[in-house]
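Reader: I've got a chain on my screen and would like to talk it through. Could you take my questions one by one?

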Amino acid sequence: MLKFITHACLLVLLYIHVQAADITIKGRVTDNNGQQLPGVSVQVTGTKRGVLTRADGSFQLTVPENSTLLFTYLGYQSQQVKATQALLNIVLLPDDKKLSEVVVIGYGTQERRNLISSVASINAAETRQLPVASFDAQLQGKAAGLQINSNTGVPGDGVFVRVRGTTSINAGNDPLYVIDGVFVNNTSLQTVSTGGRNTSPLADINPGDIENVQVLKDASATAIYGSRGANGVVIVTTKRGNYNQPTKVSANVSHGYAKAPKLWDLTTGPEHATLINEYWINSGIDNPALNQTYANRPFRPASEGGRGLPEEQKTYDRLHKLFRTGELSNYDIAVNGGGDKTKFYLGAGYSKQEADIKPVYFERASLKLNVDHRISDKVQVGVSNGITRSYRNQARAGDGPQGGLLQSALHTPTYLPETNADGTPARWAGFDNLQVLLDNYDVHTVSLRYIGNLYVDAQLLPALKFRSSWSVDYNHYDESEYWNNLTQLGASPTNGLATSALTQNSTWINEQTLTYQKQLGRGHNLSALLGNTVQSNTRAKTSAQGTGFPNNSYKDISSASTRTSEQTWTKSTLASFFARLDYNYAGKYYVELSARADGSSRFGANNRWGYFPSAGVSWRLKEEQFLKDVHFLSDLKLRASYGITGNSNGIDDFAAKGLWSGAGGYPDNESSGDKAATAPNQIANADLRWEKTRQVNIGLDASVLDGRVSIELNLYQKKTTDVLLELPVASISGFSTYYSNAGEISNKGYEVAIRTDNIHRKDLTWNTAFTISGNVNRVDKLPVPITQYNRDWIRMQQGYSMYSFWMYKQLYVDTKTGAAVFEDVNKDGSITVADRQIVGNALPKFYGGIYNSFTYKGFDAAVQFNFQYGNKILNLNRFFGEGGGTRDANRVLFASQLKRWQKEGDVTDVPRLTSVGNNYKLEQNSRFIENGSFLRLQSLTIGYTFRLKKIHALRVYASGTNLWLLTKYTGPDPEANVTATQTVQGIDLGTPPQPRSFQFGLNLTL
């Protein structure tokens, strides 16, 4: 009792003493430009005592002696000051979050203010609501220098991605993707044909788990990745918990609908018949020798055994049978938090997206677990785990008539009936009956994928940190297709066709790094990184095929009368050593040096190792005395870098080796069926080496008006040498091609990124982000031109860009005769193959995006526009649909064919219908090359957040994508591309367009 009374008395005396020690503080608050700041909150920490500054920025407050005052003001950095004197002059600095933003770079992080390299940061919260299967498609228009085209409206299909242009022909051009430190596979494992399309491995990643994305672009940023950095690096960081954070539960639910906003305009049945009659009549007149033959070809009445006169024709609309309004559903739930020792993130997601064509859909279920634990003050361990099951109900949407859904719906003439006279399904023009395909389509894929990482961090010394990690990317890819005897692929004599393919891709990586950070004297700061990587990748495929089934009820290959199988296996290994040195003086002058050595099993014994150095410098001019008094300028920095990166992606694992095949027999021996044989199938090249890309970058970062406007400008030049090519060899050698380093490609361009804080008030904000980039691509050296696609429409030729179109150039249609007039390049008086020329390419002159976000009290809105200018598209749908009658019942006729020349004086680019002359004979006609420039309203989202007592936040929203499109392109989608082959871009054939979608959703945080 006495002890309690004593303590109570001491507390009373202490209280009296504190009260007696109160002092009155006076002061004024200004910004760094000397402007007075009214309304600044002045709070005594740990108490409720506080005031707001007056109109002149002054304040007066009585506080206990030696207490701490907290000054806070919207848009400025908070500041704590000890109350040790009666008069205070407080200067608040602008809260320029962009400068203090932590950016993930290769094997580390840096504040943006200290960056020498060119790195674009993307907040995943701005993109994840776009209803696309793979997160890379969501990044379109969000980063300067990052070109993205969604080649098709099929969810889960591959996306065209380029960072600062195309650098290779036969090797890969996609960037390197690093997710939580794991180098993930971005090469499709698909083996079953879907008309040239490939699936995207990145669709296995749930966008709801992604926190942010960094795009590393220049050599200073990418050289630390050595042989894989030539095409840029995309670093993905997934969500994690925070230490000492209460457990938080968040959920996102959305549902919506998607439909193609535009389809093709086709002729009606009567219009088609009219055009065919005109074609036959004109052909006979132009060539009297054929008059008698052609006289009997026009449409005749059905009562006379013909297909009917034009007025008797019906129109059969197949397009609207194929296209539909698809449903979109997405569900994500996550739990995250942490204590003193452990933090965690656990997320689960399910998504289903129906394509705008039947019966295609994509389905994904995912589970993500990230855990970090502090064993002690000096040692931390952690794991990142992600497992996904992706299911694709696929379709042949692209090239090829057999099994092609869009080919059957779009390219079958509209006057041809869907059933025969006996009621059986009709099959025309070499295409399947559409209804038969819709009722019997059976092509699907199941992908099981695990991406994981285990790490340990140890603080060996105050300035020295060690990190070791093990990473795994495993993908089990199971494909299956069955074509019954009602389809062309399964019809007699095949009597059913079944294919099954199982591919397993395994990548494991072990890395060690040592990081040293030290301040050396006044103003000198040093950071050093030393590390090594060991990586192995193995891919194994087993496939089987069966034909001859008893009936359509049997689909397993075990029921087939004829069965074949195939097995392949391949492996590559990589050993690497790398280092980076960073130095800065007084936050003004920065130097960064890096180097990497990579040894790969893919290359020849004479060139197994590649060496990739880089150097960069920057100068923060704003820290110089002569600019410190320039008040409107918040920051100004100049950057420059040079480096060499490599590329080995996309070539075979054994490209440098002489290979033999054991699949042959002895054709001259009657008993060869019982004896296996070996034969050479690839020439060795011991000198095969890496592609190397040298890159120079000059950049400027500026921030004005207290950081409310920031500008980033980059100028770059890339030169790729030792381009990996498959070159032809003399047939006498017994081979057709061999791998060699024999080409050069250059890219040069600019990037501009502008961010503005237009309005920043308590209840109202408006922010804008604008990017624009331009790139000029050129094939500088190529031993022989390389042509691509069926009729050599694309040609890679020295002195021209990749993806160039090689065509006969149609100048005009003669208004007197209706004849198409082509440019006679060699002036020999006739149009021959020597007159074909480059007439444009599929790469844009510039591209970019505009993003605006708004908040007003509880309301929020965001709108994204994407644009592209100067690219060309070969409209092959129109090529087949404007055949001038030459294909008759083999192809549909587009409504644009009605604009043909008919009489003298007609001005049009569609020539007279006839089989005589070059009007429709020259297939590589520049008339079908169109302007692919576009401005697209990519997304619009509007939401409202409710603040409730027991719920942290409840937000409801509505969003729309692809809401508006401005383009001169006559097809439905200017981003369409027929095939996933990296040497073909800008060809539109049989590809479903991107849909227009509307979604309604709810975000809940507890």
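What follows is a set of questions and answers on confidence, rings, a helix and a few single residues.

Author: Before we start, this is a predicted model, where local features need pLDDT of at least 70, side-chain atom pairs count only at pLDDT 80 or more, and totals for chains, interfaces and linings use all residues. Residues are numbered from 1 along each chain as its sequence is written, and side-chain values use heavy atoms, with hydrogens and water left out.

Reader: What average pLDDT does the protein chain have?

Author: pLDDT is the predictor's confidence in each residue, from 0 to 100. Residues 1–20 fall below 50, and beyond near neighbours in sequence that stretch has one contact (heavy atoms within 4.5 Å) in the model. Across the chain, 93% of the residues score at least 70, and the average is 88.

Reader: How many aromatic pairs are there?

Author: Rings of Phe, Tyr and Trp (its six-membered ring) pair if their centres lie within 6.5 Å; planes under 30 degrees apart are stacked, over 60 edge-to-face, and the rest tilted. By that rule, the count is 27.

Reader: Why is the pair F879 and F880 stacked, tilted or edge-to-face?

Author: A pair of aromatic rings is described by the distance of the centres and the angle of the planes. For F879 and F880 the centres are 4.8 Å apart and the planes sit at 70 degrees. That angle is over 60, so the pair is edge-to-face.

Reader: Are F879 and F880 buried or exposed?

Author: Buried means under 20% relative accessible area, exposed over 50%, and partly exposed in between (1.4 Å probe, protein chains only). F879 has 5% and F880 has 9%. Since those values are under 20%, F879 and F880 are both buried.

Reader: Which residues do ring pairs link into a cluster?

Author: F879 and F880 belong to it. The linked residues are Y789, W793, F879, F880 and F928.

Reader: Which residue lies over the face of W806?

Author: A charge sits over a ring if NZ of Lys or CZ of Arg is within 6 Å of the ring centre and within 35 degrees of the ring normal. R228 does this to F183, at 4.3 Å from the ring centre. For W806, at 3.8 Å from the ring centre, the residue is R836.

Reader: How far apart are the end C-alpha atoms of helix α5?

Author: Helices (H or I, at least four residues) and strands (E, at least two) are DSSP runs, numbered from the N terminus. The expected span is 1.5 Å times one less than the number of residues, so the 18 residues of α5 (residues 269–286) should span 26 Å. The model agrees, with the ends apart by 26 Å.

Reader: Which polar contact partner does the side chain of N584 have at 3.3 Å?

Author: N584 lies in strand β26 (residues 562–585) and is buried, at 16% relative accessible area. A polar contact is a pair of N or O atoms within 3.5 Å; within protein, one must be able to donate a hydrogen and the other to accept it, and residues adjacent in sequence count only if both atoms are side-chain atoms. At 3.3 Å from a polar atom of that side chain lies the backbone nitrogen of G587.

Reader: What distance separates the C-alpha atoms of V119 and K719?

Author: V119 is found in strand β10 (residues 119–123) and is buried at 1% relative accessibility. V119 and K719 are 600 residues apart along the chain, and their C-alpha atoms are separated by 20 Å.
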